[in-house]
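Biologist: Please take a close look at one part of this model, the nonpolar core, and set it against the surface.

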Amino acid sequence: MNAMPRCQNCGFKWSWKEVLMLSVKGKKECSNCHKRQYISDKSNFWTTFLISTAFLLPMNFVHAYYEISWLWFFLAILIYITLVSLLMPFFYKLSNTHKRFGKTIE
């Protein structure tokens, strides 16, 4: 597990709470240099990958094969998404630019 991400402008190390707020809002100013920072494209990709592919596909298989109830299925999904959301700030990298589908958005 990596340390918390650093600002791409000044190198200031962000706190877990700041990175969590960044992941909720999509952008946040560095508390040190006040430059706007975004989650990098690569970090966004891996977050989406972990939440969707790495959990939902195997759980659909388990639900169908072992016939677990929908209640347990959704409870497991909620627990997993909560854990991933709480741990992902440790894996984020910050970026000065916001890109969507390879194009820079400002």
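Modeller: The accessible surface of the chain comes to about 7500 Å², by the Shrake-Rupley method with a 1.4 Å probe, and carbon and sulfur atoms hold 64% of that surface. This is a predicted model, in which local features need pLDDT of at least 70 and side-chain atom pairs count only at pLDDT 80 or more, while totals for chains, interfaces and linings use all residues. Residues are numbered from 1 along each chain as its sequence is written, and side-chain values use heavy atoms, with hydrogens and water left out. The chain averages a pLDDT (the predictor's confidence in each residue, from 0 to 100) of 79, and 86% of the residues score at least 70.

Of the 106 residues, 25% count as buried, that is, under 20% relative accessible area, against over 50% for exposed and in between for partly exposed (1.4 Å probe, protein chains only). The largest nonpolar core has 11 residues: Met4, Cys7, Trp14, Val19, Leu22, Cys30, Ile39, Val84, Met88, Tyr92 and Leu94. Such a core is a set of buried Ala, Val, Leu, Ile, Met, Phe, Trp, Tyr and Cys residues joined through side-chain atoms within 4.5 Å. Within this core, Cys7 is in contact (heavy atoms within 4.5 Å) with Trp14, Cys30 and Leu94, among others, leaving aside neighbours within four places in sequence. Its other partners on that count are Phe12, Cys33 and Gln37.

On the surface, Phe91 is partly exposed, at a relative accessible area of 39%.
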